[in-house]
Amino acid sequence: MIKLYTIGFTEKSAEKFFNLLRDSEVKKIVDTRINNTSQISGFAKGTDLKYFAREIGKMAYEHNVDYAPTKEMLSSYRDKKLTWEQYETQYLNLLDMRKIAQKLILIHCMKIVCCAANTPLKDAIGDFWPNI
């Protein structure tokens, strides 16, 4: 069984962020952000996150936007044109269209996958939320 978690970096220090990952025994970070290069938190920029994940937590890193919402979907939610429920339904439909469930089956060798996200999902569910 694969355990998936989400984590946001907003309003977290690098110390708190990496301690949460390490304490949860995360083996791999899958960065699902559409744009992972212009973050306020320097440690969360894609190249820096890859380096710190490897050096601090011995974690693998992958940037994969297959799991990300579309820019339009995210903008509609942020601009309050979509409610959380509408956003969630659209997002789940998008994951279905992209056949994400089948792709996850292929990662069966991973104990834990952590998705670094700064999407509304983090705000709705908190720091760590297991999905199966």
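**Figure 1. A whole-chain look at who touches whom.** Of the contacts in this protein with a separation of 6 or more, 78% are between residues 24 or more positions apart. Keep in mind as you browse that this is a predicted model. The secondary structure adds up to six helices and four strands. Start at the N terminus and you'll meet them in the order β-α-β-α-β-α-α-α-β-α. The protein has 132 residues, and 41% of them are buried.

**Figure 2. The largest nonpolar core.** Let's zoom in on a core with 13 residues, the largest nonpolar one here. Which residues have the most contacts inside it? They are F17, F18, L21, I29, F43, L49 and M59. Two elements, helix 1 (14–23) and helix 2 (46–57), give two or more residues each to this core. Helix 1 gives the most, with three residues. As a general point, nonpolar side chains in soluble globular proteins tend to be buried together.

**Figure 3. M59 and its neighbours.** Stay with M59, one of the core residues with the most contacts. Leaving aside residues up to four places away in sequence, what does M59 touch? The list is L21, R22, V26, K27, I29, A53 and R54. Two names there, L21 and I29, also appear among the core residues with the most contacts.

**Figure 4. A second core.** Another core lies apart from the largest one, and this one has 11 residues. Among them are V30, L74, Y91 and I100. Remember Y91, which is also one of the buried residues of helix 4.

**Figure 5. Aromatic rings that pair up.** How many aromatic pairs are there? The count comes to nine. Take Y51 and F52: their ring centres sit 5.4 Å apart and their planes meet at 65 degrees, so this pair is edge-to-face. An angle over 60 degrees is what earns a pair that label. Y51 has 42% relative accessibility, so it counts as partly exposed. F52 is partly exposed too, at 28%. Another edge-to-face pair is Y77 with W84, with 5.6 Å from centre to centre and 75 degrees between the planes. Y77 has a relative accessible area of 24%, which makes it partly exposed, while W84 is one of the buried residues of helix 4. Ring pairs also link F17, F18, F43, Y51 and F52 into a cluster. You've already met F17, F18 and F43 in the largest nonpolar core.

**Figure 6. A salt bridge across the chain.** The structure holds three salt bridges, and here is one of them: the side chains of K28 and E62, 2.7 Å from N to O. Where in the chain do K28 and E62 sit? K28 is in strand 2 (residues 28–31) and E62 is in strand 3 (residues 60–63), so the pair links distant parts of the chain, 34 residues apart. Is K28 buried or exposed? At 14% relative accessibility, K28 counts as buried, because the cut-off for buried is under 20%. E62, at 26%, counts as partly exposed.

**Figure 7. Two more salt bridges, in two settings.** The side chains of D31 and R33 meet at 2.6 Å, N to O, in a salt bridge. Both partners are buried: D31 has 0% relative accessibility, and R33 has 2%. Now look at R54 and E55, whose side chains form a salt bridge at 3.3 Å, N to O. R54 is partly exposed, with a relative accessible area of 42%. E55 is partly exposed as well, at 40%. You've seen R54 before, as one of the residues that M59 touches.

**Figure 8. Helix 4 and its two sides.** Helix 4 (residues 84–97) has 14 residues, and at 1.5 Å a residue it should span 20 Å. Its end C-alpha atoms are 20 Å apart, which agrees. Which residues of helix 4 are buried? They are W84, Y87, Y91, L94 and L95. Seen down the helix axis, the buried residues fall within an arc of 100 degrees, so they line one face of the helix. The face turned away from that buried side carries the exposed residues E85, D96 and M97. Following helix 4 comes K99, with a positive phi near 60 degrees.

Methods:
Residues numbered from 1 in each chain as written. Predicted model: local features only at pLDDT ≥ 70, side-chain atom pairs only at ≥ 80, totals over all residues. Heavy atoms only, no water. Phe/Tyr/Trp six-rings, centres within 6.5 Å; stacked < 30°, edge-to-face > 60°. Buried < 20%, exposed > 50% of the residue type's maximum accessible area, 1.4 Å probe, protein only. Salt bridge = Lys/Arg side-chain N within 4 Å of Asp/Glu carboxyl O. Expected span 1.5 Å × (residues − 1). Arc of directions from axis to C-beta. Core = buried A, V, L, I, M, F, W, Y, C linked by side-chain atoms within 4.5 Å. Contact = heavy atoms within 4.5 Å.
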